[in-house]
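Trainee: Before I look at anything else, please take me closely through one part of this model, the aromatic rings and what sits around them. I would also like to see how that part fits into the wider picture.

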Amino acid sequence: MEKSIILLFWLQCVKTSKCFHYSPMNKQTTAVFIEWDEFPKGESPEFYFLKYQRVNNFAQKNVKSIVADPQKLLKSIVTLEENEDYHIIIQSIKYGQILSEKSFKTRGFSISNVKIIATSTSVSFNWSVLFPNDISVSISLNNSSRIMHDNVMVYEWDNLKPGTLHTFTFDFKQLHLDFINIFHRLDIQVETDYTEEQHFESMPPNTTEKTIKQLSPGHIYRFLLFAMNKWEAKTTLSPVFTVETRPLSAKNVTVTHVTPSEIFLHWDPPDTLCFHHYLVTILDVENNRSEEVSVEKLNTSVTIGDLRSFHHYLIYLFSVAERGTLSCFEKPISAITGINPPQKVFAKPEDVGEDSMVLQWELPQDGHEVYIQIKSVTDAREVMELFVKDANRYKIDNLTPGMTYDIGMATVMNGNLSKLVTIQQTLKVGEAVEAVYAASEEGGETPAAVYVASAEGGEAAAAVCAASAEGGEAAAAVYAASAEGEPIPAQIVIPYENNSTSVVLFVQTPDIGVFDGLFITIEGGPNVTVPLKHDSKITVGNLTPGTEYNFFVSIIGGTILSHMYYVPTVKMCLEAPLNIHEGKITDSSIEVLWNRADGNFRHYEITCLNCAATFLVQKVVQEVATFSKLDPATVYTFSILMEKEGFKDSTPNIKEIQTDPDPPSDLLIFGQEENTIYLSWQLPQGGFEKFQVKSRAAIAQP
């Protein structure tokens, strides 16, 4: 008769990694220590009233009286309920009158606000829920203390005795109250854990594998397999082997900033601190090379440096357990470094004229095109934009004499811009303009007729100013003529603000005379009659996006119009595309659709912000664009804007769209039992969350 054998599985858990264990003291209230200096200074109060009450319970008010002592710091201790908000008032009293009053809000802190992780020899504390920007923390144990500055939210106290109950005292100091010191004190008891646990599981004969569940992440386990007969005699079937479970992964991993040579990464720690450190792997997509960076456990950010400009990288973040086991594989973060900007942007003095200037620059090694932006300091909305290829100097014409311009320059690569390098340059002033300025300074205020003449020709303005400076008769004649006939024209009209369908004009009216309103002639649009406003700002609406308009503004006096004031050409902003949505999607391509934008424009520019450089930007005239050669199960970010030569680009609209996951391949049935089928397959490329397995019973035909 064959003897039956029962195989037993012996499991030993070695708790050398971090585990969660603490014993809070049973308290429903917390002590708050309040200290302050004498106030008002030099008034010598007799005593102070300290009043405190819960914010949501004004009916219950607590009052304490503290005798003033000019030689000592004033102190008081109040008891607050945990996790309740309080309003506290301190009043200084003298001769029965209130001299001054200070008030603030605080909250009764609770032990539940501090997350605690204990091991055999260390305890980790995390108080990030207490708004670390507003508090500083001191932790004491026996005769030792630790003080945390600079918004530190986590601390690990190590070198503790295993299996011991430790009492930690926390002092939380409330910041940003320069006239008072507030301390919240909590006592927290934590017991280190040093025990080993043993677990036994039995298995039937002929078993060749076993899955052990409900283990802790980031822990070390030892396994031993032996056989036992019915008389409980046993024999070892394998040596002891050690296995470390994977730690939990970090959460919310994001790229917060990029430069041409750096990527700034930030994340939230795992739910349990059962790991030793972090490992960051940076993969250069183009040459398939990777580098690794170790990050200390208490850090939640890292700066990755020495990278290539405008390069595509995939970044993997792992938690690493005590013996080097990595956390589970997560979808990588895709990032493209910035573009190196031009260097040494300048204009030589001899290259600066009255209405032009010659810019010079040095391009980075991999740069072939620059973007130039010219803005007047007096009207930042009027922008001139240029693109220059394969050059290191360029002449800019049609500028205003004597005007100061902000000039920005960026390197262009595949439709993307580097950070703008900016300089400021003032043009030379012509002789006629100098004469006007000189005449103005000698003769006082320039009459309104000067503005009219200046708008019509310029030379007459200098003549009028000269006449005014010499005797004043010409100026008087101008004013007399204005009084007898038409209203005095507007002194100045400038575009104050413009968007896609309207423009705001700033109109400075003459200092003398009575006016009924403004008549605005719009070249290419309807004429408008509007009343004057106190703020001198007039809004003209119902305009078409992406269109140039000329405005001629006249003052209305009764039924008579003044001379027109010509406003330089105003370019309306382009309308942003709307209703961006996905079209056809596969595991390697995305079709992006959107509604047609209003107004006049040249084309759309759609950019994939986290695609590889070779297929980053498309310029299209229809409301559709397709991006190919994408990774499966990846979220891509698209930016769509309108472009037209000589116009400022519209505000981009952003849309995130995900590719379909890549299906698994090579599905095989590698084993089966009476009620079980074992399947295997090749893992797909790209990220995925889980597999969905569907089965259908096949009914045999008779």
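**Aromatic rings and their surroundings**

Mentor: Lys-297 lies over the face of Phe-275, at 5.6 Å from the ring centre, where a charge counts as sitting over a ring if NZ of Lys or CZ of Arg is within 6 Å of the ring centre and within 35 degrees of the ring normal. Please keep in mind that this is a predicted model, in which local features need pLDDT of at least 70 and side-chain atom pairs count only at pLDDT 80 or more, while totals for chains, interfaces and linings use all residues. Residues are numbered from 1 along each chain as its sequence is written, and side-chain values use heavy atoms, with hydrogens and water left out.

Arg-146 is placed over the face of Trp-157, at 4.2 Å from the ring centre, and Trp-157 belongs to one aromatic cluster together with Phe-125, Trp-127, Tyr-155, Phe-168, Phe-170 and Phe-172. Across the whole structure, a search finds 19 aromatic pairs; rings of Phe, Tyr and Trp (its six-membered ring) pair if their centres lie within 6.5 Å, with planes under 30 degrees apart called stacked, over 60 edge-to-face and the rest tilted. Phe-125 and Phe-168 make an edge-to-face pair because their ring centres are 5.0 Å apart and their planes stand at 70°. This pair links distant parts of the chain, since Phe-125 is in strand β9 (residues 123–126) and Phe-168 in strand β13 (residues 165–174), 43 residues apart; helices (H or I, at least four residues) and strands (E, at least two) are DSSP runs, numbered from the N terminus. Phe-125 counts as buried because its relative accessibility is 0%, and Phe-168 is likewise buried, with a relative accessible area of 0%; buried means under 20% relative accessible area, exposed over 50% and partly exposed in between (1.4 Å probe, protein chains only). Phe-168 also forms an edge-to-face pair with Trp-157, at 5.6 Å centre to centre and 65° between the planes. That second pair joins strand β12 (residues 154–157), which holds Trp-157, to strand β13, which holds Phe-168, 11 residues apart, and both Trp-157 and Phe-168 are buried.

For the wider setting, the protein has 4 helices and 50 strands, and 40% of its 702 residues count as buried. Among contacts (heavy atoms within 4.5 Å) between residues at least 6 apart in sequence, 62% join residues at least 24 apart.

An aromatic residue elsewhere, Phe-638, is one of the residues that touch the most other members of the largest nonpolar core, alongside Val-592, Trp-594 and Ile-606, in a set of 27 residues; such a core is a set of buried Ala, Val, Leu, Ile, Met, Phe, Trp, Tyr and Cys residues joined through side-chain atoms within 4.5 Å. The strands that each supply at least two residues of this core are β42 (578–585), β43 (590–595), β44 (603–608), β46 (624–627) and β47 (635–643), and β47 gives the largest share, 4 residues. Leaving aside neighbours within four places in sequence, Phe-638 is in contact with residues including Ile-590, Val-592, Ile-606, Phe-627 and Ile-657.

A tyrosine appears around Ile-374, which is placed in strand β28 (residues 369–376) and counts as buried because its relative accessibility is 3%. Tyr-405 is 31 residues from Ile-374 in sequence, yet 6.4 Å from it in space, C-alpha to C-alpha, and the residues that Ile-374 touches, not counting those up to four places away in sequence, include Tyr-405, Met-384, Leu-386 and Leu-399.
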